[in-house]
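Student: I would like a close look at one part of this model: its enclosed empty space. Please start there, then work outward to the surroundings and the rest of the fold.

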Amino acid sequence: MSDEQFVRLFGPGALDVVDDKEDPFSGLVFFRSAPGGGKTTLLRMMLPRPLELAVSLREDQQVKPTFDVLNNLGAVDENGAKLLGAMISFSTEYQDLAQIDRGNGLFRSLLDSRIVIATLRSLLDQSGRLYPDDLNTLRVTWEPESGATVPASASGTELFEWASEIERNFYDTMDDLGEPDELQGGHTRLDSLKWFSRARMFDGRGEVRSRRILLFDELQFLDNTQRKSLINLVTNAREPCGIWIAERLDAMSHQDLLTEGALEKRDYDSVIQLETQWSGKRSSGFTRFAEQIANLRASKADGFEGREFFPLVANDEELDEGDNRYGEKSSEIETRLIQKTAGDSRYEEWIAATREDRKGSISSAIKWRATEILIERDLRRSQASFAFEILPADELDEKEKAVSRAAEHFLRTEMETPLYFGKDTLAAVASSNIDQYLEIAGALFEEISAKITGPRSIPRSLSAERQDAIIREVAELRWEGLVRRLPQGYDAKRFLEALGKYCRDQTFRPTAPYMPGVTGFAISMQDRNTLANEDERNIKHFIQLRNVVTSLVAHNLITPHLDRRAKGKSYIVFYLNRLLCVKFGLPLGYGGWREQSLGTLHRWMELGDIGEQPEREPKLV
């Protein structure tokens, strides 16, 4: 994608993740997420060409919101970019180097050369010149420390030659090797970091006074020793420039993923885990961000120019208000309740009040289903307490509000009517992952655009039924590809299959005891510490379980929420990815979870089944 296309399709809401930082362009910031979280997009926006394009295209209504956000952050103003970003993207070649590079000296040499080359490219991009043709227009000077390798004063051409020589020597050395032997040598420090932050840089227009930010992308492709070395170097350096590091969660250790280390500030200015950042209070921010991108992409599609995507995604319950099945279902539930209560006067007022509801066929059916849940609950209580007084009708409304979401989910599941539709659902099933969102939105968009026959053709709204069917198809495709995507694929799939069965079993209990349903499991903090133990001899029976759980966390298939409390104990709760909730027909709300022992979780992984579940309902209070 060209830089101009990128800027036009950029959703400025992506930058909400740094809006609570006083200065996002100073200090060391980590961006972490599962694959497809949007990390590279954030870094790319900080490069000179996208920033300059955001300025030059600011009068364009699609680009203006991006310019405004960047302006507020201090990255641009009306005169141009105020930030000089240089990006280094890592690849698997670094892992090959790690096998022979004792002490990571060659790694530092290669990194020095690439930071210098990335900086030269960015300087030319910012000044509107061509790389590498106009390198001679650049000059950089600095005061190196004793033994520093980067030249104290050099033209762009000379710096390019210096960096290229390092690259040539590196590849010559690699080509000459037969059997890989350990090599020594290379740079003892990362001089380019000090050079980048402190040097005086000149282009054809004069001294470049922009603030500087170094962007490291795809850190997960480094060997573990290289990753640790780089993090230690940039953490300890504390140079007067910004450093953004993007990495996938699967680069992290099980200790980081199962403890606060992945989610909490440590030696760094900020650790931003994107899925966590977008969840909770920021969920509406993710929805706005994702909708921006979907609408921008749709408006550029052939035959769809100028149209908005979301007005075509039906989001109104009245879509199936005329479905006679809802009235029939209400009658069925009423008959069932009369038989179940056997004329017991205790429930007469509740049944009568529900019968009088005339708000609409869907809301009436939901009210009947909620009343049935509440009567099921009361029957269990009254059998224990022998409290047979008549239940007043005014008590019903308040109780119904608490169970209405579960009642609707039960009802639609039993009737096989649409569960997953509307733009709010689209955001929810994305599990705060932009790649997952675009996959679902793209599938819906293809269905809509396929029915556009010409430039004057008016696209039809996508019905709730079709949305539900398409979202379920995407969920199924993701499920089928699970084994291929995960390092512990078969064990992970068995584990999730058992978890899905368990959640359905708990969610669809007649009394709906867990609102709006169970979509996760919890382990005690003690069990969490057991899994995070560094000494594998202490957890030899649970090593594979730990590997599966951390792999699922790293790929955003289960999401950890720390320090949830219940009955005086602390837990870590793992919630299912919302697209997996679709796969298992579960509600999309958060809240319901059950504690599990490590032994139970191990059995799920080994057998993919939950075994016999007790008939006894949990005590309702």
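Tutor: First, a term: helices (H or I, at least four residues) and strands (E, at least two) are DSSP runs, numbered from the N terminus. This is a predicted model, in which local features need pLDDT (the predictor's confidence in each residue, from 0 to 100) of at least 70, side-chain atom pairs count only at pLDDT 80 or more, and totals for chains, interfaces and linings use all residues. Residues are numbered from 1 along each chain as its sequence is written, and side-chain values use heavy atoms, without hydrogens or water.

Now the empty space. A search of the whole structure turns up two cavities of 30 Å³ or more. A cavity is a set of points on a 1 Å grid over the protein atoms alone where a 1.4 Å probe fits but cannot get out; lining residues have an atom within 4 Å of a point. Points are joined across faces, edges and corners, and the volume is the space filled by probe spheres set on them.

The largest cavity holds about 70 Å³. Its lining is Gln436, Ala475, Arg478, Trp479, Leu482, Arg485, Leu557, Asn577, Leu579 and Leu580. Three helices each supply at least two of these residues: helix 19 (464-480), helix 20 (482-485) and helix 24 (578-583). Helix 19 gives the most, three residues. By type, the lining of the largest cavity has six nonpolar, two polar and two charged residues. Here Ala, Val, Leu, Ile, Met, Phe, Trp, Tyr, Cys and Pro are nonpolar, Asp, Glu, Lys and Arg are charged, and the others, Gly among them, are polar.

The second largest cavity holds about 50 Å³. Leu249, Gln273, Glu275, Val553, Asn556, Ile558, Thr559 and Pro560 line this second space. Strand 13 (residues 558-566) provides the largest share, three residues. The tally for the second largest cavity is four nonpolar, three polar and one charged.

Two of those lining residues, Val553 and Asn556, lead to helix 23. Val553 is one of the buried residues of helix 23. Buried means under 20% relative accessible area, exposed over 50%, partly exposed in between (1.4 Å probe, protein chains only). Nine of the twelve residues of helix 23 are buried, so the rest of the structure largely encloses this helix. The other buried residues of helix 23 include Leu545, Arg546, Val548 and Leu552. The length of helix 23 (residues 543-554) also agrees with expectation, because twelve residues at 1.5 Å each should span 16 Å and the end C-alpha atoms are 16 Å apart. That expected span is 1.5 Å times one less than the number of residues. Just after helix 23, Asn556 takes a positive phi of about 60°.

Two more backbone turns deserve a look. Most residues other than glycine have a negative phi, and most peptide bonds are trans. Asn104 is not a glycine, yet its phi is positive, about 65°. Asn104 lies in the loop between helix 5 (93-98) and helix 6. At 10% relative accessibility, Asn104 counts as buried. Ser431, also other than glycine, has a positive phi near 50°. Its loop runs between helix 17 (423-429) and helix 18 (434-449). Ser431 is buried too, with a relative accessible area of 7%.

There are cis peptide bonds as well. One joins Tyr131 and Pro132, with omega about 0°. Pro132 sits in the loop between helix 6 (105-127) and strand 5 (139-141). Another runs from Met515 to Pro516, with omega near -5°. Pro516 belongs to the loop between helix 21 (489-507) and strand 12 (518-524).

Next, packing inside three helices. Contact means heavy atoms within 4.5 Å. Ala163, in helix 7 (residues 156-176), is buried at 0% relative accessible area. Beyond its neighbours within four places in sequence, Ala163 contacts Ser113, Val116 and Ile117. Ala294, in helix 12 (residues 283-300), is buried at 7%. Outside the same sequence window, Ala294 contacts Phe309, Phe310 and Tyr437. The C-alpha atoms of Ala294 and Leu438 are 7.0 Å apart, although 144 residues separate them along the chain. Asp378, in helix 15 (residues 361-385), is buried at 8%. Leaving aside neighbours within four places, Asp378 contacts Arg346, Tyr347 and Leu391.

Finally, the whole protein. It has 25 helices and 15 strands. Of its 621 residues, 54% count as buried. Mean pLDDT is 85, and 88% of residues reach 70 or more. Residues 261-266 stay under 50. Where pLDDT is low, the predicted coordinates should not be read in detail.

How values were computed:
On a 1 Å grid over the protein atoms alone, a cavity is a set of points where a 1.4 Å probe fits but cannot get out, and a pocket is an open set with protein on both sides within 12 Å along at least five of seven lines; lining residues have an atom within 4 Å of a point.
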